[in-house]
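Biologist: Let's go through this structure together. I will ask, and you answer from the model.

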Amino acid sequence: MSINTPAKPLVLKDYKSDLHNDWCPGCGDFGILTGIQMALQQLQIEPDKLAVYSGIGCSGKTPHYINGYGFHTLHGRVLTVATGGRLANTDLTVLALGGDGDGYGIGAGYFVGAGRRNADFAYIVHNNNVYGLTKGQASPTLSKGKKTKSMPEQAIQDGINPIAMAVAAGYTFIARAYALEPKYTADIIARAIQHKGSALVDVLQTCPTYNDLYTKEWYEGADLAEKKSRLYKLEERGYDGKVQDPTDAQEIVAKKAAAVARSYEREPIPLGVYYEAALPTYEDEIYKRIPAMKDTPLAEMDTFKRDVQPLLEAMR
Ligand code: SF4
Ligand code: MG
């Protein structure tokens with residue numbers, strides 16, 4: 001992704017739009033928004049070199065609040081549009097944003113396809129275990145037997161594991177953050193943006209309006225006798241998910257297996273980078289076929305003046 005060094009350093013407010021924010025007071029989405037803006041500032045990405053796409057849900061409103069190009073797309077479809085945007089203009093830093101219901105439910109097929117493709121963008125999922133915008137139904141990440149205040153009965157099917165799904169799909173950067181730690185979230189998102197390839201950042205997000213199970217107090221472990229956080233950071237326990245030699249298939253399998261094993265840990269839940277590998281991106285493969293795209297993004301090519309005669313000849 002293009003990371004620029006503007007003449008005058010950009011500050012946090014350069015990434016804020018002036019639109020009214022209508023998220024519920026205390027929503028974890030505020031922490032994720034701040035984390036994204038802090039990451040953009042950290043990398044000094046100019047707003048006119050930024051494209052932010054979103055799906056549908058409370059998280060879908062995020063591009064409205066960021067100063068940059070924004071596209072609020074359809075439910076579950078954010079990855080298709082973000083991929084198209086990225087391939088059309090490789091000069092832009094691309095962020096895809098969505099919720100857990102949006103991305104891991106209706107968007108699950110696209111989620112797998114995007115991991116397999118490995119185009120260069122960061123996908124940030126606001127994971128709050130519910131469909132917040134439609135009044136708190138159970139989302140695909142809510143575990144079996146759980147019941148939030150907006151559900152009449154306990155969930156009778158098990159939740160999915162997004163980290164393990166991302167490992168299987170082929171994402172080359174897979175991480176988890178926590179919405180109420182914006183500084184840490186910003187560092188993880190900055191790494192996801194700098195990574196070349198498809199990056200997933202699953203952000204555990206509190207929804208004070210509908211999710212009364214996974215609250216700020218729950219994550220803090222306020223109910224536990226020893227008042228101990230239910231979160232921990234992988235790097236603080238000596239975990240390193242980075243593949244040192246991407247040509248070594250055995251190392252890749254070992255690192256993937258370690259990431260999946262950690263993703264099933266509960267109480268405490270690991271935060272940080274589970275897996276990272278520098279592998280060829282979709283763009284790398286496109287450039288092999290269309291070398292001109294490496295220097296000139298598709299959006300800047302005069303496609304109407306292309307000589308299609310050789311193509312027609314080949315099809316005779
Ligand atoms: Fe946030 Fe939940 Fe309100 Fe949506 S419903 S804005 S996720 S607190
Ligand atoms: Mg949700």
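Modeller: One definition to start: a residue is buried when its relative accessible area is under 20%, exposed when over 50%, and partly exposed in between. Keep in mind that this is a predicted model.

Biologist: Is Val 94 buried or exposed?

Modeller: Val 94 is found in strand E3, residues 93-99. The cut-off for burial is under 20%. Val 94 has 0% relative accessibility, so it counts as buried.

Biologist: How far is Val 94 from Asp 245, C-alpha to C-alpha?

Modeller: Along the chain, Val 94 and Asp 245 are 151 residues apart. In space, their C-alpha atoms are separated by 26 Å or more, to be exact 27 Å.

Biologist: Which residues coordinate the magnesium ion, ligand 2?

Modeller: The donors follow the spacing D-x27-N-x1-V along the chain. The contact distances run from 2.0 to 2.2 Å. The side chains contribute OD of Asp 100 and OD1 of Asn 128, and the O atom comes from Val 130. The coordinating residues are Asp 100, Asn 128 and Val 130.

Biologist: How many residues apart are Asp 100 and Asn 128?

Modeller: The magnesium ion (ligand 2) is coordinated by Asp 100 and Asn 128, among others. This pair links distant parts of the chain: Asp 100 sits in helix H3 (residues 100-106), and Asn 128 in the loop between strand E4 (121-127) and strand E5 (130-131). Both residues are buried. Their separation in sequence is 28 residues.

Biologist: What is the make-up of the shell around ligand 1?

Modeller: Asn 128 appears again here, as one of the residues that surround ligand 1. Others include Cys 24, Cys 27, Cys 58 and Cys 207. The shell divides into seven nonpolar, four polar and no charged.

Biologist: Which residues lie nearest the centre of the largest pocket?

Modeller: The largest pocket holds about 460 Å³ of space. Its lining has nine nonpolar, seven polar and five charged residues. Of the 21 lining residues, those nearest the centre are Asn 129, Thr 141, Ser 143, Tyr 214 and Arg 266.

Biologist: Which peptide bond is cis?

Modeller: Look at Pro 268, in the loop between helix H8 (249-263) and E10. Omega is about 10° at the cis bond. That bond joins Glu 267 and Pro 268.

Biologist: What is phi of Asn 118?

Modeller: Asn 118 lies in the loop between helix H4 (108-117) and E4. Asn 118 is buried, because its relative accessible area is 4%. It is not a glycine, yet its phi is positive, about 60°.

Biologist: And Gln 44: is it buried or exposed?

Modeller: Gln 44 is found in the loop between helix H1 (29-42) and strand E1 (50-54). Its phi is also a positive value, near 55°. Its relative accessibility is 17%, so Gln 44 counts as buried.

Biologist: Where does Thr 172 lie?

Modeller: Thr 172 is buried, because its relative accessibility is 2%. Beyond its neighbours within four places in sequence, its contacts include Asn 118, His 195, Tyr 275 and Leu 279. Its place is the loop between helix H5 (162-169) and strand E7 (173-178).

Biologist: What is the relative accessible area of Val 273?

Modeller: Val 273 lies in strand E10, residues 269-276. Not counting residues up to four places away in sequence, it touches Phe 173, Ile 174 and Ala 175, among others. Val 273 is buried, with a relative accessible area of 9%.

Biologist: How far apart in space are Tyr 178 and Thr 206?

Modeller: Tyr 178 lies in strand E7. Tyr 178 is buried, with a relative accessible area of 6%. Thr 206 is among the residues that Tyr 178 touches. They are 28 residues apart in sequence, and C-alpha to C-alpha the distance is 8.8 Å.

Biologist: Which residues does Val 81 touch, leaving out those up to four places away in sequence?

Modeller: Val 81 is found in helix H2, residues 78-88. Val 81 is partly exposed, because its relative accessible area is 23%. The residues it touches are Tyr 53, Phe 71 and Thr 73.

Conventions. Residues are numbered from 1 along each chain as its sequence is written. Chains are lettered from A and ligands numbered from 1 in the order in which they are written. This is a predicted model: local features need pLDDT of at least 70, side-chain atom pairs count only at pLDDT 80 or more; totals for chains, interfaces and linings use all residues. Side-chain values use heavy atoms; hydrogens and water are left out. Donors are N, O and S atoms within 2.8 Å of the metal (3.2 Å for Na, K and Ca); water is not among the atoms, so sites may look incomplete. Helices (H or I, at least four residues) and strands (E, at least two) are DSSP runs, numbered from the N terminus. Buried means under 20% relative accessible area, exposed over 50%, partly exposed in between (1.4 Å probe, protein chains only). On a 1 Å grid over the protein atoms alone, a cavity is a set of points where a 1.4 Å probe fits but cannot get out, and a pocket is an open set with protein on both sides within 12 Å along at least five of seven lines; lining residues have an atom within 4 Å of a point. Grid points are joined across faces, edges and corners, and a volume is the space filled by probe spheres set on the points. Ala, Val, Leu, Ile, Met, Phe, Trp, Tyr, Cys and Pro count as nonpolar, Asp, Glu, Lys and Arg as charged, and the others, Gly among them, as polar. Contact means heavy atoms within 4.5 Å. A residue is near a molecule or strand if one of its heavy atoms lies within 4 Å of it.
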